[in-house]
Amino acid sequence: MARPIVAIVGRPNVGKSTLFNRIVGGRVAIVEDTPGVTRDRLYQDAEWNGRLFTLVDTGGLDYQDDDQMVTHIRKQAELAIAEADLILFVVDARFGLTGTDEDVAKILRSSDKPVILVANKVEDFARVHELYDFFRLGLGEPVPVSAAEGRNTGDLLDMVMEKLPPVVEDGEDDDVIKIAVIGRPNVGKSSLVNAILGEERTIVSDIPGTTRDAIDTYIKRDGKNYLIIDTAGIRRRSKIGLATEKYSVIRSLRAIDRSDIVLMMIDAVEKLTDQDKRIAGYAHEKGRGAVLVVNKWDLVEKDSHTANRYIENLRDGLGFMQYAPVLFVSALTRQRVHRVLELVDYVSEQQNMRIATANLNDLLREAVMYSQPPQDRGRRLKIFYATQSGVKPPTFILFVNEPDIMHFSYLRYLENRLRSAYGFEGTPIKMVMRKR
Ligand code: GDP
Ligand code: GDP
């Protein structure tokens, strides 16, 4: 189920990233985190009062001058309106109201998305009357907080929960393999989707997505149903242009949320960017299957080592995604495009695979024999037994004596044993420790 997205918008230096960190690092439970995926993350899944949501910090982009800065904030606001479920508009109570604040407020007022006006840097609550100026923004009463000290941020989150739209079920359809096509602007998402659709005669329907983030296409092939979520599709249907798309990660996050398998597209003639890594990291954390699709392979001058060198580089850049198969394609010449859905089928099988408990425990015994579990201050980890609790992603519960002795590297070792025995190609594996 797609979880609601809360976007933080505002001028530079008002405290957006401080608020972001305060919220996700504070009393809110962080749902999941892969070590080493990202440092300066733009998004974080979190939970407040039992409700899951994704917080997105829209800030952090560079600008050269004030004009650029203003344009940039306007775009953020427009994107947040188009794509987020709720907007936290942050202003600086110490600095006071600015023209840019008024500009942004105007854009936000014209939308029907819920907006909460947050007056940050209020350490002295005896002086909240000084916030009266901000009423002029026409966005209701400003909510005073101190992101730096964490004052009132809990109340702010309560308000967020109240204003979020009610939960709507996505209409889970287990018969359909849902594929998100992800990648930077110009990497060839639309071209690839069109090439795939061109190969497949039986396009069932081409309907706008349930949200406006993507265009959904259902196709049928060899009796199997697929849903292709094309994140570039929105560009063709709305005013959002290429330049603006660059500013948006939200659309990709949403498409990943709704998908089973992510086609992570990478431009063969460009370097992997931090944004690519962030998006891939999100798919990984969400447990989605993944295929790394290197597009524009026609533009690369090749010798017999080129592909292998390329794969090595990719593995370096996306260390946490070693399991993802790599496919070199050209959406333009259609080279290997037919392989895309074949690989999707394969990954789908892999991510739905179940290992019988007896076999799993045989493997575990053997693994423990070859390499002893970690110990800590005289205590050694004992793994009593394991069982697979779920698929998509394959999830294993390990019953142990002391969960906290488990070490990341030993988990990695167990994962490698599992993979060399069973493959699980294209899918992350989750392991959960239970104290017995
Ligand atoms: P962003 O550019 O909007 O993301 O702003 P930052 O989060 O980077 O914060 C800008 C500056 O404001 C930093 O120097 C922060 O330490 C400071 N700041 C952020 N929140 C608060 C706050 O609640 N009170 C005070 N006094 N300073 C804050
Ligand atoms: P999107 O923004 O990710 O949807 O990318 P598009 O599908 O719009 O493609 C961006 C540009 O790259 C277009 O000019 C395409 O013709 C070109 N392009 C896409 N795929 C390929 C490819 O495999 N080889 C080459 N040479 N160009 C491609």
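**Close-up views of a predicted model**

**Figure 1. Strands β17, β18 and β19 form an open sheet in that order**. In this predicted model, the pairing within the three-stranded sheet is mixed. Strands β17 (383–390) and β19 lie at the edges, each pairing on one side only. From one strand to the next, the twist averages 25°.

**Figure 2. Strands β17 and β18 pair in the antiparallel sense**. Six bridges connect these two strands. One of the residues to locate here is Ala 386, whose bridge partner in β18 is Leu 398.

**Figure 3. Strands β18 and β19 run parallel**. Strand β18 covers residues 395–400 and strand β19 covers residues 430–435, and six bridges join them. Phe 399 has Arg 434 in β19 as its bridge partner. Between β18 and β19 the chain passes through helix α13 (residues 408–422), giving a β-α-β crossover that is right-handed.

**Figure 4. Ligand 1 is surrounded by 15 residues**. The closest of these residues are Gly 15, Lys 16, Ser 17, Thr 18 and Ala 148. Helix α1 (residues 16–25) supplies three residues, the largest share of the shell. By class, the shell comprises eight polar, four nonpolar and three charged residues.

**Figure 5. The protein chain that frames these views contains 13 helices and 19 strands**. Of its 436 residues, 39% are buried. Among contacts in the chain with a separation of 6 or more, 73% are between residues 24 or more positions apart.

Technical notes: Residues are numbered from 1 along each chain as its sequence is written. Chains are lettered from A and ligands numbered from 1 in the order in which they are written. This is a predicted model: local features need pLDDT of at least 70, side-chain atom pairs count only at pLDDT 80 or more; totals for chains, interfaces and linings use all residues. A residue is near a molecule or strand if its C-beta atom, placed from the backbone, lies within 6 Å of it. Helices (H or I, at least four residues) and strands (E, at least two) are DSSP runs, numbered from the N terminus. Ala, Val, Leu, Ile, Met, Phe, Trp, Tyr, Cys and Pro count as nonpolar, Asp, Glu, Lys and Arg as charged, and the others, Gly among them, as polar. Two strands pair if DSSP finds at least two bridges between them. A crossover is right-handed if, with the strands pointing away from the viewer, the path from the first strand over the helix to the second runs clockwise. A residue is buried if 20 or more other C-beta atoms lie within 10 Å of its own, exposed if 12 or fewer, and partly exposed in between; C-beta atoms are placed from the backbone. Two residues are in contact if their C-beta atoms, placed from the backbone, lie within 7 Å. Axes are lines fitted to C-alpha atoms, for helices over the stretch in contact, and angles run from 0 to 180 degrees between N-to-C directions.
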